[in-house]
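Here is a short round of questions and answers on how terms are applied to a structure. Please read it beside the model.

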Amino acid sequence: MEKVLQPFFTIFDENRNAFTRYSSYEERKLSDMKGYFANEARRQQMEEQGNPIVYRVYKQDVPLKEGELLHCITMIEPGHVDGEFFMTKGHYHLNEDCAEIYYGQKGKGLLLMQKGDRTETIEMNPGTVAYIPAGWGHRTVNVSQHEPFVFFSVWPAQSGYNYQRALDEPFQKKAVVDGDSYKLV
Ligand code: PAN
Ligand code: ZN
């Protein structure tokens, strides 16, 4: 008999910026992000001088089959590499029929999306609900130098990830420090 997935819930812990319970945790340090920032020499230097965590992901695992929904919380630390803000690697979904929703919880971020030569940017504040249509590559950036950017994501369990494509077709827009704010270049 097929195993029945039990209903479950968790709670967003405001102090830890994480779910109270989660089935998997991943962190990405600067050492995991070779080649992602424009100034690779500076990234390497920062790796050697402490290798800070860039972002953390707290995920609820479900069976990877059509109909189920994956969801997670991402927390991007404040910081930058030679002016380029800390960000996620970014990816496309292997299954190009799979969309995704991001919900801003804390801090200030940008959602960078692209499809072919089209780019779109959505500023993410607490309460922003952003829709990433199927087929668009997506990356998030923390554009605060002082506080973490935290958001919730939910997407179809059969989406899969394609990180290589985001390297082959790099995100065209970069968010860089501009005084106490940011600008896109
Ligand atoms: C998000 C991302 C998460 C981390 O849950 O996976 O924010 O970013 P990277 O996967 O690019 O490292 C999502 O888009 N899931 O599909
Ligand atoms: Zn995604």
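Q: Why is C72 called buried?
A: Buried means under 20% relative accessible area, exposed over 50%, and partly exposed in between, with a 1.4 Å probe and protein chains only. C72 has a relative accessible area of 4%, so C72 is buried. C98 is buried too, at 5%.

Q: What kind of model is this, and how are its parts numbered?
A: This is a predicted model, in which local features need pLDDT of at least 70, side-chain atom pairs count only at pLDDT 80 or more, and totals for chains, interfaces and linings use all residues. Residues are numbered from 1 along each chain as its sequence is written, chains are lettered from A and ligands numbered from 1 in the order in which they are written, and side-chain values use heavy atoms, with hydrogens and water left out.

Q: Why is C98 in no disulfide with C72?
A: A disulfide is a pair of cysteine sulfur atoms within 2.5 Å. The closest cysteine sulfur to that of C98 is in C72, 15 Å away, so the two are too far apart for a bond. A search of the whole structure finds 0 disulfides.

Q: What makes a space a cavity, and how many of 30 Å³ or more are there?
A: On a 1 Å grid over the protein atoms alone, a cavity is a set of points where a 1.4 Å probe fits but cannot get out; lining residues have an atom within 4 Å of a point. Points are joined across faces, edges and corners, and a volume is the space filled by probe spheres set on them. The count is 3 cavities of 30 Å³ or more. The largest has a volume of about 50 Å³. Its lining includes Y92, H93, C98 and W136.

Q: How does the lining of the largest cavity divide by class?
A: Ala, Val, Leu, Ile, Met, Phe, Trp, Tyr, Cys and Pro count as nonpolar, Asp, Glu, Lys and Arg as charged, and the others, Gly among them, as polar. That gives 6 nonpolar, 3 polar and 2 charged residues.

Q: What makes a space a pocket, and what volume has the largest one?
A: A pocket is an open set of grid points with protein on both sides within 12 Å along at least five of seven lines. The largest pocket holds about 330 Å³ of space. Its lining has 21 residues, with Y55, V57, H91, Y161 and Y163 nearest its centre. By class, they are 8 nonpolar, 7 polar and 6 charged.

Q: How do you know which residues surround ligand 1?
A: A residue is near a molecule if one of its heavy atoms lies within 4 Å of it. For ligand 1 there are 17 such residues, and the closest are Y55, T74, E100, Y102 and Y163.

Q: Which distance links the side chain of Y102 to ligand 1?
A: A polar contact is a pair of N or O atoms within 3.5 Å. A side-chain N or O atom of Y102 is 2.6 Å from an oxygen atom of ligand 1. For H93 the distance is 3.0 Å.

Q: What is notable about the phi of N17?
A: Most residues other than glycine have a negative phi. Phi of N17 is near 55°, a positive value. N17 is buried, at 7% relative accessible area.

Q: Is N51 buried or exposed?
A: N51 has 18% relative accessibility, so N51 counts as buried. Its phi is also positive, near 45°.

Key: A polar contact is a pair of N or O atoms within 3.5 Å; within protein, one must be able to donate a hydrogen and the other to accept it, and residues adjacent in sequence count only if both atoms are side-chain atoms.
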